[in-house]
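Please walk me through this structure, beginning with a single residue and moving outward to the packing of the helices.

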Amino acid sequence: MSIQYILSGFAVGLLVGMTGVGGGSLMTPLLTLLFGVTPSVAVGTDLAFASITKTAGTVTHRVRGTVHWDIVGRLCLGALPAAIVATLALQYFGPLNASLGKVIRYSIAVSVLLTVVAILFRGKMLAWVNAKPSRQLQGRSLVVATVVSGAVLGTLVTVSSIGAGAIGATLLVMLYPRLTPAEVAGTDIAYAVPLTAIAAFGHWWLGSINWALLSALLVGSLPGITIGSWAARAVPEKVLRGLLAMTLAGVAVKLLH
């Protein structure tokens with residue numbers, strides 16, 4: 001059991017626990033670029049890693065009261081069926097080709113950078129919304145937008161393992177600007193548990209999970225995400241918002257390379 005895998009799992013778990021972001025966006029590139037794991041196995045192993053790690057994070061965030069379960073339900077309503085359909089498509093058509101995978105990575109990077117702007121200017125964004133509440137989606141339109149967003153997330157996460165945290169946080173900030181950074185992290189982690197579990201089951205079916213590697217990563221990640229989730233509400237909002245923005249910016253830069 002390599003110490004590098006354990007330390008990588010701890011670092012990613014800590015970051016995900018505090019911000020809700022960084023799982024697939026960091027772990028998949030780490031496995032492929034640093035440890036030489038094949039892309040398909042990296043995606044499958046990362047999804048299994050995310051589902052187990054984020055379960056531990058969800059428990060802690062629930063205790064801390066930073067999960068909005070109504071939003072989690074809406075996201076899952078779109079994400080879970082999409083994940084099943086995407087798994088069947090992968091089985092039928094095979095993994096994404098390199099050019100399409102690059103388009104997806106760049107699209108995610110751009111949307112993540114937009115999230116960074118939204119987080120940094122959250123105060124002005126809230127003032128703009130409060131000045132004219134009709135500027136923000138409400139009622140049925142907000143529910144529909146959240147379900148559709150979940151479907152997009154379910155597809156992206158299943159084919160690339162990237163997006164559950166980064167894109168999930170983006171959508172939560174845009175659709176629900178009044179959420180605090182800790183609530184963004186908790187809600188983002190909670191909806192990702194069933195999504196990554198279904199996607200991971202699909203990759204297990206496809207035979208693309210390295211169980212020994214997964215075990216090593218979990219040894220580090222489970223204490224990491226528990227500590228990070230517990231700290232999310234204790235850390236001042238301004239500091240957490242800065243950490244979230246920095247993490248997302250780093251993810252975006254990594255995706256563009």
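Threonine 53 is buried in this predicted model, because its relative accessible area is 3% and the cut-off for being buried is under 20%. The residue is found in helix H3, and, leaving aside residues up to four places away in sequence, Threonine 53 touches Leu218, Ser221, Leu222 and Ile225.

From this one position we can turn to the nonpolar interior. The largest nonpolar core has 43 residues, and those with the most contacts inside it are Leu31, Phe49, Leu172, Tyr176 and Tyr191. At least two residues of this core come from each of helix H1 (3-19), helix H2 (23-34), helix H3 (39-64), helix H4 (69-93), helix H7 (139-160), helix H8 (166-175), helix H9 (181-206) and helix H10 (211-234). Of these contributions, that of H9 is the greatest, with eight residues.

Leucine 172, one of the residues with the most contacts inside the core, touches Ile71, Leu75, Pro177, Leu179, Val184, Thr187 and Asp188, when residues up to four places away in sequence are not counted. Apart from the largest core there is a second, separate core of five residues, and among them are Met18, Ala232, Val235 and Leu240.

It remains to ask how confident the predictor is along the chain. The protein chain averages a pLDDT of 80, and 83% of the residues score at least 70. Among the elements of the protein chain, the lowest mean pLDDT, 68, belongs to helix H5 (residues 98-120), whereas H4 has the highest, 88.

Technical notes:
Residues numbered from 1 in each chain as written. Predicted model: local features only at pLDDT ≥ 70, side-chain atom pairs only at ≥ 80, totals over all residues. Heavy atoms only, no water. Core = buried A, V, L, I, M, F, W, Y, C linked by side-chain atoms within 4.5 Å. Buried < 20%, exposed > 50% of the residue type's maximum accessible area, 1.4 Å probe, protein only. Helix = DSSP H or I, 4+ residues; strand = E, 2+ residues; numbered from the N terminus. Contact = heavy atoms within 4.5 Å. pLDDT = per-residue confidence, 0-100.
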